[in-house]
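Visitor: I have a model open and would like to learn how to read its features one by one. Could you walk me through it?

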Amino acid sequence: SRGRMPYPEIEIRARQVRSEVQRLTSLIAATLDVVRFDAGQVTAEPRSCDLAELVVRVQTRQLATTPGRILSIQIADEAPATIDTDPVLAEEILVNLVSNAVKYSPGTEPVLIRVSTENGRVCFGVEDRGTGVPLEEQPKLFDRFFRGSGSQGVPGAGVGLAISRRLASLLGGELVFVSRAGIGSCFVLKLPHQWPGGAGVPPGDSAS
């Protein structure tokens with residue numbers, strides 16, 4: 001009948017609405033994360049967890065969102081089978097790093113999660129073959145609400161890396177950016193193999 005919108009156009013508009021809703025939902029979630037952190041409501045609950053299972057969960061979550069992407073895992077032979085950490089918080093950091101790697105690299109290029117060890121710490125490297133980060137922007141990478149020049153058209157609030165670095169600190173580790181000029185980007189989450197005081201002991205408490 002007259003005035004009825006063709007189905008293909010309805011489908012396009014519905015997709016646009018869904019995309020905007022997802023963008024708003026992500027923005028609200030990011031804002032809530034900042035509020036929770038500032039209110040001291042985020043605490044670590046460490047326990048012994050399976051290293052391979054942790055990384056595979058991250059891979060599975062990303063592939064559910066972008067099933068067409070190549071997301072590989074490499075775990076060094078010397079890496080421990082288990083790690084003392086809060087698996088929920090560690091997973092959130094890695095999911096954010098992998099999500100960023102996928103967003104900021106070509107759809108045909110693989111993203112690699114590489115697990116190794118260094119001075120008693122377990123290192124989770126997330127490597128992509130994107131455009132990389134300009135040298136002048138690298139010092140601002142972990143600032144709240146900072147979005148680099150390569151983020152145009154990519155949804156986000158600019159708080160993911162800032163929160164991830166704070167989570168890494170909460171877990172007794174650190175999050176660093178390793179420059180790969182002309183190759184892509186690599187973020188490395190470094191976590192202690194064993195929780196200070198023993199697994200299950202909250203930060204700030206002693207084992208005694």
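Guide: What follows is a tour of confidence, core, salt bridges, an aromatic pair and a few loop details.

Guide: Keep in mind from the start that this is a predicted model.

Visitor: Then let's begin with confidence. What does the chain average in pLDDT, and where does the score drop below 50?

Guide: The average pLDDT is 78, and 67% of the residues score at least 70. One stretch to treat with care is residues 149-158, where pLDDT is below 50; the model still gives this stretch 20 contacts beyond near neighbours in sequence. Another is residues 199-208, also under 50, with 13 contacts beyond four places in sequence.

Visitor: On to the core. Which residues of the largest nonpolar core touch the most other members?

Guide: The general idea is that nonpolar side chains tend to be buried together in soluble globular proteins. Here the largest nonpolar core has 36 residues, and those touching the most other members are Leu94, Leu97, Phe124, Leu171 and Leu189. Two or more residues each come from H2, H3, strand E4 (111-118), strand E5 (121-127), helix H4 (160-170), E6 and E7. H3 gives the largest share, 9 residues.

Visitor: Let me zoom in on one of those. What does Leu189 touch?

Guide: Leaving aside residues up to four places away in sequence, Leu189 touches Ala90, Ile93, Leu94, Val122, Cys123, Phe124, Ala168, Glu174 and Leu175. One name on that list, Ala168, also turns up among the buried residues of H4, along with Leu161, Ala162, Ile163, Ser164 and Leu167. Just after H4, look at the backbone too: Gly172 takes a positive phi of about 80 degrees.

Visitor: Now salt bridges. How many does a search of the whole structure find?

Guide: Side chains of opposite charge can pair when their charged atoms come close. In this model the search finds 9 salt bridges. Try one inside a helix: Glu9 bridges to Arg13, with the closest N and O atoms 3.0 Å apart.

Visitor: Why are Glu9 and Arg13 separated by about one helical turn?

Guide: Start with the geometry: an α-helix has 3.6 residues a turn, so residues three or four places apart point the same way. Glu9 and Arg13 sit 4 residues apart in helix H1 (residues 7-38), so about one helical turn separates them. Glu9 is partly exposed at 32% relative accessibility, and Arg13 is partly exposed at 44%.

Visitor: And is there one that joins elements? Which helices hold Arg61 and Glu91?

Guide: Arg61 and Glu91 meet through their side chains in a salt bridge of 2.9 Å, N to O. Arg61 belongs to helix H2 (residues 51-65) and Glu91 to helix H3 (residues 87-103), so the pair ties together parts 30 residues apart in sequence. The two ends sit in unlike settings: Arg61 is partly exposed, at 34% relative accessible area, whereas Glu91 is buried, at 10%. Zoom out and you'll find a network of salt bridges linking Arg57, Arg61, Glu91 and Glu92.

Visitor: What about Arg121 and Glu118: how far apart are the N and O?

Guide: Their side chains meet in a salt bridge at 3.5 Å, N to O. Arg121 counts as partly exposed at 23% relative accessibility, and Glu118 does too at 31%.

Visitor: How do I read an aromatic pair? Is the one formed by Phe177 and Phe187 buried or exposed?

Guide: You describe a pair of rings by the distance of the centres and the angle of the planes. The count here is 1 aromatic pair. Phe177 and Phe187 are 4.9 Å apart, centre to centre, with 55 degrees between the planes, and the pair is tilted. Phe177 is in strand E6 (residues 174-180) and Phe187 in strand E7 (residues 184-192), 10 residues apart. Both are buried.

Visitor: Last stop, the loops. Where does Asp128 lie?

Guide: Asp128 is in the loop between E5 and H4. Asp128 is buried, with 6% relative accessible area, and a polar atom of its side chain lies 2.8 Å from the backbone nitrogen of Gly130. For another loop residue, go to Glu78, between strand E2 (71-75) and strand E3 (82-85). Glu78 counts as exposed at 51% relative accessibility. The C-alpha atoms of Glu78 and Ser116 are 7.2 Å apart, with their positions 38 residues apart along the chain.

Key
Residues are numbered from 1 along each chain as its sequence is written. Side-chain values use heavy atoms; hydrogens and water are left out. Rings of Phe, Tyr and Trp (its six-membered ring) pair if their centres lie within 6.5 Å; planes under 30 degrees apart count as stacked, over 60 as edge-to-face and the rest as tilted. Buried means under 20% relative accessible area, exposed over 50%, partly exposed in between (1.4 Å probe, protein chains only). A salt bridge is a side-chain nitrogen of Lys or Arg within 4 Å of a carboxyl oxygen of Asp or Glu. A nonpolar core is a set of buried Ala, Val, Leu, Ile, Met, Phe, Trp, Tyr and Cys residues joined through side-chain atoms within 4.5 Å. Contact means heavy atoms within 4.5 Å. pLDDT is the predictor's confidence in each residue, from 0 to 100. A polar contact is a pair of N or O atoms within 3.5 Å; within protein, one must be able to donate a hydrogen and the other to accept it, and residues adjacent in sequence count only if both atoms are side-chain atoms.
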